[in-house]
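These are my notebook entries on a two-part lookup: overall features first, then selected places. I kept each entry short.

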Amino acid sequence: MSGHEHATVEPQNDLSYPILAALLALPVGAVAMFIGHQYAGLISYPMLSTLIFLPIFGAVAIMLLPKCKTGLMRWSALCVSTATFILSLPLFTHFDRSTAAMQFIERTDWIHAWRIQYYLGIDGISVLFVLLSTLLTILCVMVSWTAITDKVKEFYAALLLIEGSMIGVFCSLDLFLFYIFWEAMLIPMYILIGVWGGPNRIYAAIKFFLFTLVGSLLMLVGILVLFFATGRSFDILVMMKTNYPLTMQIWLFWAFFAAFAVKVPMFPVHTWLPDAHTEAPTAGSVILAGILIKMGAYGFLRLNMPLFPEATKILAPFMLALSVIAIIYGAVICLAQTDLKRLIAYSSVSHMGFVTLGIFALNTQGVQGGILQMVNHGIVTGALFLCIGMIYERTHTRRIADYGGAATLFPVFATFFMVFTLASIGLPGTNGFVGEFLILVGGFKASVLAGALGATGIIIGAAYMLWLYQKVFFVDANPGLVGHGSDLNVREVLTLIPLLILVFWIGCYPNPFLGMMDASVQQLLERIASAGQPPVSQTALEVLK
Amino acid sequence: MNIPFPDLTPVLPEIILAAVASLVLLVELVAVRKGPIGGIGIAVALFLLYLLPYTHGETFGGTFVSDAYSDWFKIIFLGNLIMTTLASFQYIQRQHQDFGEYYSVLMFATCGAMIMASSRDLITLYVGLELMALSTFILTAMKRHDWWSNEAAIKYFMLGAFSSAILLYGFALLYGLTTSTDIRQIGAHIATTGPNPALLLSLVLIIAGFAFKIGAVPFHMWVPDVYEGAPTSVTLFMSVGPKAAGFAAIGRVFYEGLGALQPDWTTFFIILSILSMAVGNIVALVQKNIKRMLAYSAISHAGYALLGIVAGTTEGLTAMMNYLLIYAFMNIGAFCVVITMDCRNDLDDYNGLAKNHPLLAAVMLIFMFSLTGIPPTAGFIGKFNVFMAAVHAGYTWLVLIAIIFSAISAFFYLHVVMNMYMKPGAVRVRVEGFPTVLAALLIAVLAVCVIGVVPSVALR
């Protein structure tokens, strides 16, 4: 029997070398192409497609690896995600901050009969999310290094597939393409929660799937109506220049709202989030909190607001009200949580309430603050979930009551957690402060009541986060905690350091980030401000001259 | 009276298929090893089809026509025949039903379906329909000594006979009112006279007859029992063949013949469509047997395809045709997985499949997501296409209903995925992946993925 097993293992070993070579060739080739492009001007290559398809091909390559090579799978996942991150850096350095136009455009016909194009491009609104996605995926790979031991192959493949489709969502300028990426992500995410999640994972996974699917399908109908209203086009840029009748705008606003509000999640449809975030494995929670729920708010910015500007203006007060409810409701519920992850999950509801508050304030500070706060939330909540994942790996409990005195046992960990806690509260000097401050300025300008109520959310936020910190790290040490491993190791510290740097970078000097979105946000707000007014005719302009 | 000999080139595929089917029947009487003969016969038939000249055009006095429309359906039928044959070889041996007639009856059923797609005359249509229906009855009863198989066949036969009679009654009324069985002449006649109550009665009867064939609610009662009782390879065959044939006939009769009555029949099809989606998707939720679940899923997919008919435009017709092609691939794929599993076909038999057979589970996952309609699979493209046609025709509200049921359907399709990936396997089920069915699976999964990503390669 053992001889037979040996015989079957042997050829797999032989097979792994060409696969290993292919795996290494993938990122190395991509990086080489990038260097060639940058420094020699040899090849002009499709930047965004590389970012989307490098992880997807990486996932396929990992699926082809033999089952026993778990180490190789981890390294190749790290390799692919790091290469993607490095390749995404030129988006930051070479991004033209002076224009609101789309950049890094790629455009070819895809399905000619339905006028569907493969159309990619990014502007100031989407660029930061692409960067955030590529960064967080590396950290997800790293944090899962020892936590995932079962079905390793499928795990990393799912993770990379999610990365590819997330970047695809942020880059799509064709509505059909946008929808494909938007929905395609559901499959790996469902698997990720359902297979590697906590005890209640099956329920959480199906709930996540159904909530998102219903919202997305309503958006699909909206997309179809929009397609015919635009004269058979899925081109988002063409739609941004089309003026739709007001009733249609309002209906379509709700159809798209259904998809995006579920993803954000906004107040009445947020119930999937605590379950999904709590039950998902650490990497899943980080992806969910860090990027997936940003896609909802991004959808508002990319589609709802520029496509239906009049409806946006009319419905903005309603959105502000929902945001304020989410801020306060989410924060109050946090106070009553007994589970670490669930608390952070509900805090996401509250924080995303800030984001939508800023966005629907419809002024520069609000929208810029909203976008920045999305990035901040991705960094900070991502970091908090990473931290919880690290401590869970040692103690195997998420109950707050089981902790206490962790600061003496894990001093390095406690320091990191402190920084991220303070960033979550919005202490000046951290990134949370910049974002929340801008949002509240915008909120007060839009509605004093909404601004004032939103500000109370920050106070409750400080209450529950500090309460959590005290319960877990100070008070009397729980004897059950002693002997559960040592402080953070090098891999874990390396995972958290990039986020720590970003917390302080954005907190102290946010200009590079705000500057990126300036032009695009201005253009968006002008589009909304000018909506509903009769267009100034050419002759009138000439008279004015 | 000198009747000219009809031009046979447009009808050549049917002739070849019928001839080869008869030959297979004869040869198998005397052959010792019966297994390969059916396969060889079908291969020969396909080779001849490829070899011999075949033209578009009408023949037999305009009662038989072959055009792009019928070609499309014939490709589906022949594809279905090939896939069924591939999936059948070892399966029917395992089931001890390796009878000589099996493959030739499959060919006769396919031939009947092809005649239906090509007929432009009510009589020809009926002959094709009966050839197909009777062959399928026989196929259902193929497990001679199996109680379930016989019960299914009896049910199918009784209800099928009723539905044929109802259809025929409708045809008779139509003939009485328009003095013709030629579909185009009927169309011309109705265009001049307009609707009247007797015409509407015949319309209802015809719709009822066809709705039975496509398994639309409320004429769906036979579907779950027959799908469950029949040998799985036969279930595979009839979940695609007769359904697509029914749609082919609906398209021909209602678009070409009864176009003038469109407002009337649209209402009926809307009702059928909504009921099919509702009953199919909701009842599927509580099924314990995967064949029964796929039966209700087939009912609901008839509802989605009907959206294309409801749209009443060329775009809608095209969307319906595309939908059926895509449905054929994903449904055949799902049934091929069922065939490889040598078990009682309970949903619980799939528990933990991903651990023991990761590749098979991954393939089933793709088919389940495709049937749900999640991109980037072909199922999404199909749904998108019919929804697009319906929205364009002004039926946005109907599409809203369709998407609600679509979301409900996710629940039971995901149930399979959940069992495969997220539950521990209780008893290890024997998986028999013999080469031919794996080839069919490979074709189906490739088609589902490729159509999902680049639909233009296969769709109209």
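The entries below go from confidence and overall form to the contact between chains and then to single elements and residues.

**Entry 1. Confidence**

I noted at the outset that this is a predicted model. For the complex, I read an ipTM of 0.92 and a pTM of 0.92 from the predictor. Chain A has an average pLDDT of 87, and 91% of its residues score at least 70. I marked residues 1–14 of chain A, where pLDDT stays under 50 and the model has one contact beyond four places in sequence. For chain B, I recorded an average pLDDT of 91, with 98% of the residues at 70 or above. Within chain B, confidence is lowest in strand S4 (residues 430–431), which has a mean of 82. Helix H12 (residues 290–311) of chain B has the highest value there, 95.

**Entry 2. Chain A as a whole**

I counted 22 helices and two strands in chain A. What radius of gyration would a compact globule of 545 residues have, and what does chain A have? The expected value is near 24 Å and chain A has 23 Å, so the two agree. Along the principal axes, the C-alpha atoms of chain A fill a box of roughly 90 × 55 × 45 Å. I found 56% of the 545 residues of chain A to be buried. Of the contacts in chain A with a separation of 6 or more, 81% are between residues 24 or more positions apart.

**Entry 3. Chain B as a whole**

For chain B, I listed 18 helices and four strands. The radius of gyration of chain B is 21 Å, close to the 23 Å given by the globule rule for 460 residues, so chain B is as compact as a globular protein of that length. I noted a box of roughly 70 × 60 × 40 Å for the C-alpha atoms of chain B, taken along the principal axes. Buried residues account for 59% of the 460 residues in chain B. When I took contacts in chain B between residues at least 6 apart in sequence, 80% joined residues at least 24 apart.

**Entry 4. Where the chains touch**

I looked up the contact between the chains and found 26 residues of chain A in contact with 22 residues of chain B. Which helices of chain A each supply at least two residues to this side? They are helix H6 (175–184), helix H7 (186–196) and helix H8 (201–229). H8(A) gives the most, with 14 residues. By type, I found 22 nonpolar, two polar and two charged residues on the side of chain A that touches chain B.

**Entry 5. Two helices of chain A**

I then checked H7(A) for burial: eleven of its eleven residues are buried. Among them are A:Leu186, A:Pro188, A:Tyr190, A:Gly194 and A:Trp196. H4(A) is likewise mostly covered, with 17 of its 17 residues buried. I also tested the length of helix H4 (residues 127–143) of chain A. At 1.5 Å a residue, its 17 residues should span 24 Å, and the end C-alpha atoms are 25 Å apart, which agrees.

**Entry 6. The largest nonpolar core**

The largest nonpolar core has 377 residues. Those with the most contacts inside this core are A:Cys387, B:Met107, B:Ala305, B:Leu324 and B:Ala390. I noted that helix H13 (residues 314–340) of chain B contributes the largest share, 19 residues. I followed A:Cys387 further: leaving aside neighbours within four places in sequence, A:Cys387 is in contact with A:Phe413, A:Phe416, A:Phe417 and A:Phe420.

**Entry 7. B:Leu8 and B:Gly57**

I located B:Leu8 in the segment before helix H1 (12–30) of chain B. Is B:Leu8 buried or exposed? B:Leu8 is exposed, because 11 other C-beta atoms lie within 10 Å and the cut-off for exposed is 12 or fewer. From C-alpha to C-alpha, B:Leu8 and B:Thr55 are 9.3 Å apart in space, although 47 residues apart in sequence.

B:Gly57 lies in strand S1 (residues 57–59) of chain B. I counted B:Gly57 as exposed because it has 12 C-beta neighbours inside 10 Å. Not counting residues up to four places away in sequence, B:Gly57 touches B:Asp7, B:Pro10 and B:Ser66. I last recorded B:Gly57 and B:His189, which are 132 residues apart in sequence and 23 Å apart in space, C-alpha to C-alpha.

Notes:
Residues numbered from 1 in each chain as written. Chains lettered and ligands numbered in written order. Predicted model: local features only at pLDDT ≥ 70, side-chain atom pairs only at ≥ 80, totals over all residues. Buried ≥ 20, exposed ≤ 12 C-beta atoms within 10 Å, placed from the backbone. Expected span 1.5 Å × (residues − 1). Core = buried A, V, L, I, M, F, W, Y, C linked by C-beta atoms within 7 Å. Contact = placed C-beta atoms within 7 Å. Nonpolar A, V, L, I, M, F, W, Y, C, P; charged D, E, K, R; others polar. pLDDT = per-residue confidence, 0-100. Rg over C-alpha atoms; globule rule 2.2 N^0.38 Å.
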